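Colleague: I am new to reading models like this one. Please take a close look at a single part with me, and then follow it outwards to whatever it leads to.

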Amino acid sequence: MDFLTGIGCACAGLLVVLTVALLGAAYHLGLLYQLWHKVDPRSPRHGGELVAEVLKAHGVRFVFTLAGGHISPILVASEKVGIRVVDTRHEATAVFAADAVSRLSGRIGVAAVTAGPGVTNTVTAIKNAQMAESPVLLIGGAAASLQKGRGALQDIAQLSLFKTLCKACVSVRAVRDIIPTLRKAIATAQSGTPGPVFVELPIDVLYPFHVVEKEIGGNKSNRGLRAKAVQWYLQNYLRNLFAGAWEPRDVSPLPVQVPLATEDEVQQCAELVSRATKPLVLVGSQAMLPPTPAEELRAALEALGIPCYLGGAARGLLPPGSPLLLRQNRRDALRDADLVLLAGAVCDFRLSYGRLFGRRAAIVAVNRDRAQLLRNSDVFWKPRLAVQGDAASFVARLARSLRGYACPRGWLEGLREADRKKEQANREKAATPTPQHLNPLDLLHRLDALLPPESLLVADGGDFVGTAAYIVRPRRPLAWLDPGAFGTLGVGGGFALGAKLCRPDAEVWVLYGDGSLGYSLMEFDTFVRHKTPVIALVGNDACWSQIAREQVALLGSNVACGLEYLDYHAVAEALGGKGFVVGRPDRERLDAVLRAAQDACRQGRPVLINALIGKTDFRDGSISV
């Protein structure tokens with residue numbers, strides 16, 4: 001009896017295991033889902049339409065791309081729902097443009113690229129977006145899931161490329177998953193510390209049923225058990241791919257999570273500020289993130305009345321004539337300050353890793369990202385208060401808690417006087433002729449004098465752009481775009497494209513070095529085709545000067561640093577733009593040339609000014625490594 005009972009128990013157990021295994025296999029093959037969700041083989045709809053619906057619902061106005069067969073349904077469907085599809089000459093430019101749109105609009109920036117090389121061409125731009133904390137959605141085409149690893153065209157392991165670069169990397173396996181995957185990815189990109197996300201859409205989830213069936217339907221004339229099994233598997237794969245594809249789904253945006261400081265943390269900072277005699281505020285790019293409007297942050301800084309240095313995307317937050325705005329002598333000011341508020345600023349190489357603060361200074365750091373918040377605090381500095389939260393809302397709440405506070409006048413006036421002296425010294429250097437060609441400081445001072453209130457500046461270069469950062473003044477918030485901490489060259493074409501599309505009434509200037517220009521000069525074709533007139537000012541010194549300065553001094557060689565004084569303006573003309581060239585003989589009419597460039601741009605033509613510049617010692621000692 002015991003033996004029979006044992007046999008029965010064993011059989012029952014085996015039956016349970018077998019049942020679970022069969023249910024697991026049925027679930028994995030989609031058989032259970034197909035019981036309740038139908039497939040419509042006659043439907044002409046395709047997955048690209050679902051992508052477009054989600055993007056439209058999230059307020060996306062532009063999709064940047066370089067065309068490829070893997071993503072054609074996305075591009076066609078996006079155009080049909082009113083999203084402007086903007087094709088570029090390089091995939092990196094598409095991502096840079098999406099990055100610019102994200103920074104300027106506060107919404108997700110979107111780039112769609114084809115499989116394989118199209119995806120790999122975006123890696124640098126995605127890393128730049130990660131380090132700049134820009135919420136960008138990169139949609140990548142891919143080989144059909146069924147064909148992965150079987151030698152399909154442009155099939156590589158794409159997700160592995162982005163695991164360390166993106167907040168999320170997902171591959172969609174069925175049409176029904178497109179909407180929820182994209183909604184979650186966009187919310188992830190914008191929440192917490194923003195950053196890029198990558199969504200892989202294999203070709204078989206994007207094209208209509210009849211197209212996919214034709215490609216992977218198998219050979220129905222084959223006989224034999226193995227052939228029938230293969231045929232059944234392919235047909236089931238196809239049905240599962242489209243099961244429930246066109247059922248109504250919510251496409252609205254998911255909530256975005258923004259970390260906020262506590263009231264206690266705001267009060268602690270208020271007490272530190274009220275006791276300080278030499279307070280200073282450093283505002284970094286992160287402070288420009290939504291949801292706090294730039295105007296509200298500006299009002300808060302003005303209410304506090306504490307002297308400010310603005311970095312990265314925060315340049316222009318205070319108007320050029322603001323009595324609180326400082327641009328020179330930051331190292332000295334940090335050394336003398338007894339309280340420093342780092343509002344989204346990070347103690348990396350840009351702040352000498354935290355070695356610039358005075359020994360007794362109270363440092364208050366506010367940042368959404370904990371790693372950035374405490375960067376190098378274990379070595380060179382210690383925060384008196386470290387707040388993991390949104391910097392802009394923190395400053396706004398701090399200003400409300402310090403109503404009636406007045407920054408010590410002597411401290412502010414001393415900093416302002418030092419700033420004025422340094423500005424005057426720069427003007428004197430600008431008035432000194434260089435051994436040959438134009439003095440870049442003089443050129444940039446003249447540009448600054450002509451910039452209209454509705455101008456927007458894009459920075460793409462090393463030495464020339466580094467000089468411009470001290471001379472040219474953004475006229476309003478979110479009117480300065482630079483690559484950020486990664487220091488990427490080549491952002492110019494994409495940033496300018498995205499900026500002009502976001503702000504069609506703005507006069508967009510791209511400040512290029514002649515080295516960095518080489519990365520995106522072909523995008524003048526894009527500017528012409530998409531009617532996005534911008535002005536490129538190229539500081540052409542026939543050299544990678546930021547590198548050569550230290551390399552020659554330390555190692556005695558200019559190898560690999562030399563370029564030529566090329567006719568970049570002629571290339572712009574050949575691509576449909578307007579070109580100007582200016583050198584030493586044109587100094588007296590330099591203002592007239594800059595105004596002519598503005599006129600040509602207002603008439604709808606992209607412009608390139610090829611400015612032949614000489615050498616100065618203005619940037620001696622600057623960082624290149």
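Modeller: Let's start with one pair of residues: Leu457 has Trp509 in β15 as its bridge partner. Strand β13 (residues 455-460) and strand β15 (residues 507-513) run parallel, joined by six bridges. Two strands count as paired when DSSP finds at least two bridges between them. Strands (E, at least two residues) and helices (H or I, at least four) are DSSP runs, numbered from the N terminus.

Before we go further, a word on the model: it is predicted, so local features need pLDDT of at least 70 and side-chain atom pairs count only at pLDDT 80 or more, while totals for chains, interfaces and linings use all residues. Residues are numbered from 1 along each chain as its sequence is written, and side-chain values use heavy atoms, with hydrogens and water left out.

Now step back to the whole sheet. Six strands make up an open sheet with parallel pairing, and their order is β14-β13-β15-β16-β18-β17. At the edges are β14 and β17 (578-582), and each has a single partner strand, so one side of each lacks a neighbour in the sheet.

What does the edge strand β14 hold? Leu481 is one residue to look at, in β14 (residues 480-481). Is Leu481 buried or exposed? Leu481 has a relative accessible area of 2%, which means that Leu481 is buried. Buried stands for under 20% relative accessible area, exposed for over 50%, and partly exposed for anything in between (1.4 Å probe, protein chains only). Setting aside residues up to four places away in sequence, Leu481 touches Leu456, Leu457, Val458 and Ala459, and also Ala100, Arg103, Leu104, Phe495 and Ala499. Contact here requires heavy atoms within 4.5 Å. So our starting residue, Leu457, is among the residues that Leu481 touches.

Those contacts point us to two helices. Phe495 and Ala499 are among the buried residues of α20, as are Gly494, Leu497 and Lys500. In fact, 11 of the 11 residues of helix α20 (residues 492-502) are buried, so the rest of the structure largely encloses this helix.

The other helix is α5 (residues 91-105), which supplies nine residues, the largest share, to the largest nonpolar core, as we will see in a moment. That core has 115 residues, and Phe64, Leu280, Leu282, Leu301, Leu342, Phe394 and Leu608 have the most contacts inside it. A nonpolar core is a set of buried Ala, Val, Leu, Ile, Met, Phe, Trp, Tyr and Cys residues joined through side-chain atoms within 4.5 Å. There is also a second, separate core of 40 residues, including Leu55, Ala112, Val175 and Ile179. In soluble globular proteins, nonpolar side chains tend to be buried together.

Helix α5 has more to show. Ala92 is in α5, and Ala92 is buried with a relative accessible area of 13%. Beyond its neighbours within four places in sequence, Ala92 is in contact with Asn121 and Ala125.

Open space comes next. The second largest pocket contains about 540 Å³ of space. Its lining has 27 residues, and Arg103, Gly106, Met288, Leu289 and Pro290 are the closest to its centre. Both α5 and α13 (294-304) give two or more residues to this lining, and α5 gives the most, with four. On a 1 Å grid over the protein atoms alone, a pocket is an open set of points with protein on both sides within 12 Å along at least five of seven lines, and lining residues have an atom within 4 Å of a point. Grid points are joined across faces, edges and corners, and a volume is the space filled by probe spheres set on the points. By class, the pocket lining has 15 nonpolar, eight polar and four charged residues. Ala, Val, Leu, Ile, Met, Phe, Trp, Tyr, Cys and Pro count as nonpolar, Asp, Glu, Lys and Arg as charged, and the others, Gly among them, as polar.

Finally, Gly106 brings us to one more residue: Gln190 touches Gly106, along with Arg107, Ile108, Pro135, Val256 and Arg368, not counting residues up to four places away in sequence. Gln190 belongs to helix α9 (residues 178-190) and is buried, at a relative accessible area of 19%.

Notes
On a 1 Å grid over the protein atoms alone, a cavity is a set of points where a 1.4 Å probe fits but cannot get out, and a pocket is an open set with protein on both sides within 12 Å along at least five of seven lines; lining residues have an atom within 4 Å of a point.
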